Amino acid sequence: MKRSLETIEYQKNTEALAKFAKALGHPTRIAILKHLKNQSCCFTGDLVDVFPLAQSTVSQHLKELKNVGLIQGELESPKIKYCINHDNWKIAKALFQDFF
């Protein structure tokens, strides 16, 4: 079987959908999003109180969600307040609906 060395060009929406899907690939991240959806915003410590995980683990999940833009963080020294990024939330929802 001959393999191609050419790079596959994906549509922008396909790449965005894959990034959102990867971020949602862990049950804790989905649970964090469900929790944030019902809050205006919350701090990392609030999530540590909700989920039986170390703060470093919660922070890592928050970082993944923030990197793809599903949540946003605002520095309120010395803490970071997190909430849903509603613009990207709508984009992700539309991409998933179009896919399914």
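How do the axes of α2 and α4 cross, and within what distance do they come? In this predicted model, the two axes come within 10 Å and cross at roughly 75 degrees, which makes α2 roughly perpendicular to α4. On the α2 side the contact is made by T28, R29, I32 and L33, which meet H61, L62, E64 and L65 of α4. Sorted by class, the residues in this contact of α2 with α4 are four nonpolar, two polar and two charged.

The burial pattern of α2 can be read alongside this contact. The buried residues of α2 are T28, R29, I32, L33 and L36, and because they cover an arc of only 140 degrees around the axis, they lie on the same side of α2. On the other side of this helix, P27, K34 and K37 are exposed.

From the α4 side, one residue of the contact can be followed further. L65 lies in helix α4, and because its relative accessibility is 0%, L65 counts as buried. Leaving aside neighbours within four places in sequence, L65 is in contact with A23, R29, I32, L33, L70 and I71. As for P27, the residue L65 is 38 residues away from P27 in sequence, and the two are 12 Å apart in space from C-alpha to C-alpha.

The path now turns to α1, which covers residues 12-23 and has 12 residues. From its first C-alpha to its last, α1 reaches 17 Å, close to the 16 Å expected at 1.5 Å a residue. Its buried residues are L17, F20 and A23, and since these cover an arc of only 125 degrees around the axis, they sit on the same side of α1. K19 and K22, by contrast, are exposed on the other side of α1. The buried residues of α1 pack against three helices, namely α2 (27-37), α4 (55-67) and α5 (86-99).

Of these partners, α5 can be described in the terms already used for α2 and α4. The axes of α1 and α5 come within 10 Å and cross at roughly 105 degrees, and the two helices are therefore roughly perpendicular to each other. The contact joins N13, A16, L17, F20 and A21 of α1 to N88, I91, A92, L95, F96 and F99 of α5. By class, the residues of the contact of α1 with α5 comprise nine nonpolar and two polar, with no charged residue.

There remains α3, which spans residues 44-50 and includes T44. Is T44 buried or exposed? With a relative accessible area of 10%, T44 is buried, and, not counting residues up to four places away in sequence, T44 touches Q55, V58, S59, L62, I80 and Y82. V48 is also found in helix α3, but V48 is partly exposed, with a relative accessible area of 24%. When residues up to four places away in sequence are again set aside, V48 touches L53, Q55 and V58. The C-alpha atoms of V48 and K93 are separated by 27 Å, and these two residues are 45 residues apart along the chain.

Methods
Residues are numbered from 1 along each chain as its sequence is written. This is a predicted model: local features need pLDDT of at least 70, side-chain atom pairs count only at pLDDT 80 or more; totals for chains, interfaces and linings use all residues. Side-chain values use heavy atoms; hydrogens and water are left out. Helices (H or I, at least four residues) and strands (E, at least two) are DSSP runs, numbered from the N terminus. The expected span of a helix is 1.5 Å times one less than its number of residues. Buried means under 20% relative accessible area, exposed over 50%, partly exposed in between (1.4 Å probe, protein chains only). The arc is that of the directions from the helix axis to the C-beta atoms. Contact means heavy atoms within 4.5 Å. Axes are lines fitted to C-alpha atoms, for helices over the stretch in contact, and angles run from 0 to 180 degrees between N-to-C directions. Angles under 35 degrees count as roughly parallel, over 145 as roughly antiparallel, 65 to 115 as roughly perpendicular and the rest as oblique. Ala, Val, Leu, Ile, Met, Phe, Trp, Tyr, Cys and Pro count as nonpolar, Asp, Glu, Lys and Arg as charged, and the others, Gly among them, as polar.
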